[in-house]
Amino acid sequence: MTVLFKPRIVAEELRRLAESSRHLLNRNHHLRLGNAAEQLEGWFQSSRPGDFEWALDEPIQTEPSTSYQGSDNAAEVTASFTFLWRCERTGNTEVAMAVGGGTNVVVTRTTGTRVNNYHFDLCAGGAVEGSPVMHSFSHAQYSAGTSFPRFPSIILLPTDVLEMLLFELWPSDWPEAIDAARNSLMRHHLGQRKRLVRVTRAFQNLATRPFPVVSLQSRPPAPIPLF
Amino acid sequence: MRVWIVDDKMTETEARAFVPQPHDLAVSTHHDDDFADRLDEAWDLILVDENLGEDPGATPRIFDGSSLVGWLRAEARRSGRQLPGVAIFTTQPDLFDKEVPAVGPARPLGGSFVGREAYLAPVLDVEWLLAKGGDRAKLVAQIAALAQAHETARAALGSNGATFEEFMTFLGLPADAAWYEAARSSLERARPPISEAATGDDAFRGPVSAVRWLLQDTLPFPGAFLSDTHVAARLGVTVATLGRLVHDPAEQWSQDLRRCIYEGPAAALFGRRWWAAGVVDASLALRVAVRSGADVRSALKTLSGVEKVAMSNDKDPVAIVDRDLLDSGIAGAASCVQLRPRGWPPQSEEPWMLIADAASAPWFRHMVDPSDQKLLDAPAA
């Protein structure tokens with residue numbers, strides 16, 4: 001399964017998201033997001049041939065949060081966020097495709113204890129290497145003792161996973177930050193709405209087949225445009 | 001190229017030291033009978049001596065270079081004339097020490113304008129300022145660069161408005177560079193003064209608008225172009241190493257990096273500048289090598305063929321500015337704050353400053369990004 005996206009738009013969204021969230025990220029880690037945006041755009045606009053693994057050079061860390069349960073008395077945690085997307089060019093000078101990738105989040109208590117580790121994967125969907133095992137093309141998964149359950153996920157793009165993380169850690173502060181940066185994030189949220197709808201439709205189409213739950217694990221018939 | 005110097009004392013022989021043959025040169029004072037005739041000629045640069053040796057008098061009149069500039073602007077508005085680039089040309093670079101520059105704290109310059117020309121020029125409504133003293137060869141190159149920038153702008157932009165494509169030609173963006181499209185995008189973000197499809201008369205200031213954008217909004221600030229410290233910070237090396245990487249490039253990567261050096265109009269008025277898009281391209285090759293398992297230093301050595309590679313010791317290195325908001329080196333972002341200075345072009349990357357410098361004065365404190373404010377009074381780590 002592949003998804004299609006516009007690197008210049010995604011890069012610009014990431015820059016703006018980085019700027020709006022810098023007060024919730026570990027000091028200067030917004031620079032790493034900015035670098036990732038620059039690298040994606042730089043690769044895509046370069047005339048050099050070849051595919052590209054779009055990734056953060058180093059994971060970013062969030063500031064500590066105690067408000068993820070709706071009050072400020074939860075145990076203090078920070079999260080580490082990183083991603084890698086395998087990107088290829090298409091014939092279209094504005095559109096690239098991602099053929100696989102993952103976004104990883106690790107939640108750690110400030111005592112150092114790792115309390116959660118989950119990731120969002122983009123994969124081909126369908127059967128895995130000829131075995132009866134099937135993966136949904138976009139799924140979220142906890143790193144636990146087994147490789148399941150894998151939850152079909154409409155959140156796919158690393159920027160959207162990051163925003164979800166920010167909202168989970170700061171259910172009040174992040175909406176305030178959005179409000180303050182409304183103009184700057186407008187295109188990001190318009191684009192996000194389209195992406196979520198497109199992926200939802202892909203799942204919806206799979207769900208209309210016989211054996212819907214099993215069919216959700218099938219490979220969609222065509223690339224999904226995320227724009 | 002044609003240069004007109006308005007100076008009360010300079011002879012043509014003396015002026016030839018600044019504008020060598022075969023360039024056209026005229027020297028006059030504003031009292032000369034042929035002043036109006038000179039005004040009618042097509043110049044690439046007018047250099048105006050600031051100290052004309054006259055007193056202000058009790059009624060308004062021209063008595064120094066900046067008042068002459070005001071007159072030239074007013075006359076051009078009235079007559080519809082397009083002036084070329086106009087620059088103050090003075091032996092006394094501290095004459096404007098009471099002026100408040102257009103960029104940075106709203107405080108008097110407090111000294112020489114040298115190094116801060118781009119911040120002061122908009123206040124005086126000139127394209128640039130030049131100090132007559134100092135390195136003569138450098139000054140001659142700077143005068144030539146100013147005049148040639150106007151000449152190039154006039155040739156590239158013509159008189160029917162400036163298109164984006166004409167800007168590419170004006171800047172000399174290499175069309176065969178792998179990073180050509182990225183450079184185009186960065187220039188779109190740099191807000192060039194496009195006047196495409198202007199009808200009737202050309203825009204009031206004509207090609208000079210492009211020169212002014214380049215001199216005052218673009219080359220001085222990190223954005224479409226970068227200084228050595230910004231490039232070194234991005235590659236994670238020292239400035240000295242950056243020099244070695246492009247000094248005698250043996251490998252393709254170094255040769256490509258060297259091609260990123262900006263050699264277009266007005267380059268001689270600044271320290272070395274680089275096409276940011278090209279630097280991103282070079283940096284990307286480095287990152288890809290690192291992701292394949294090499295450490296940054298060995299990857300750089302392999303890519304460049306240079307043995308002596310010194311890495312920056314700082315985590316998340318950033319280029320920093322001093323209290324005059326001029327490039328001053330590289331530091332780890334953890335020891336810095338990011339500023340939002342008055343007058344800093346919004347299309348440029350906001351500058352970083354050492355926490356100690358930013359905490360040293362209230363006018364800097366209030367420029368610090370809100371998320372960094374708490375660091376100003378934090379005990380040093």
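**Chain B and its contact with chain A**

Chain B has a mean pLDDT of 93, and 97% of its residues reach 70 or more; pLDDT is the predictor's confidence in each residue, from 0 to 100. For the complex, the predictor gives an ipTM of 0.83 and a pTM of 0.90. This is a predicted model, in which local features need pLDDT of at least 70 and side-chain atom pairs count only at pLDDT 80 or more, while totals for chains, interfaces and linings use all residues. Residues are numbered from 1 along each chain as its sequence is written, and chains are lettered from A and ligands numbered from 1 in the order in which they are written.

A good place to start is the overall form of chain B. Its secondary structure comes to 15 helices and 11 strands, where helices (H or I, at least four residues) and strands (E, at least two) are DSSP runs numbered from the N terminus. The C-alpha atoms of chain B fill a box of roughly 75 × 50 × 40 Å along the principal axes. The radius of gyration of chain B is 23 Å, which agrees with the value near 21 Å for a compact globule of 381 residues; the radius is taken over C-alpha atoms, and the globule rule is 2.2 Å times the number of residues to the power 0.38. Of the 381 residues in chain B, 44% are buried. A residue is buried if 20 or more other C-beta atoms, placed from the backbone, lie within 10 Å of its own C-beta, exposed if 12 or fewer do, and partly exposed in between.

Helix 4 of chain B (residues 117-124) gives a helpful view of the interior. Six of its eight residues are buried, so helix 4 is largely enclosed by the rest of the structure. Among these buried residues are Tyr119(B), Leu120(B) and Leu124(B). The buried residues of helix 4 pack against helix 3, strand 4 (85-90), strand 5 (128-131) and helix 8 (208-218) of chain B. Asp125(B), which follows helix 4, has a positive phi near 55 degrees. By contrast with the buried residues, Arg61(B) is exposed, with 11 other C-beta atoms within 10 Å, and lies in the loop between strand 3 (45-49) and helix 3 (65-79) of chain B.

The two chains meet through 18 residues of chain A and 15 residues of chain B, two residues being in contact if their C-beta atoms, placed from the backbone, lie within 7 Å. Helix 2 (29-45) and strand 2 (52-55) of chain A each supply at least two residues of the side that touches chain B. The largest share of that side, seven residues, comes from helix 2 of chain A.

Helix 2 of chain A packs with helix 7 (residues 180-189) of chain B at an angle of about 125 degrees, their axes 7 Å apart. Here Glu41(A), Gly42(A) and Gln45(A) meet Glu181(B), Ala182(B) and Ser185(B).

Some backbone details complete the picture. A cis peptide bond with omega of about 5 degrees joins Gln21(B) and Pro22(B), and Pro22(B) sits in the loop between helix 1 (12-16) and strand 2 (24-28) of chain B. In chain A, a cis peptide bond joins Phe148(A) and Pro149(A), with omega about 5 degrees.

Note on methods: Axes are lines fitted to C-alpha atoms, for helices over the stretch in contact, and angles run from 0 to 180 degrees between N-to-C directions.
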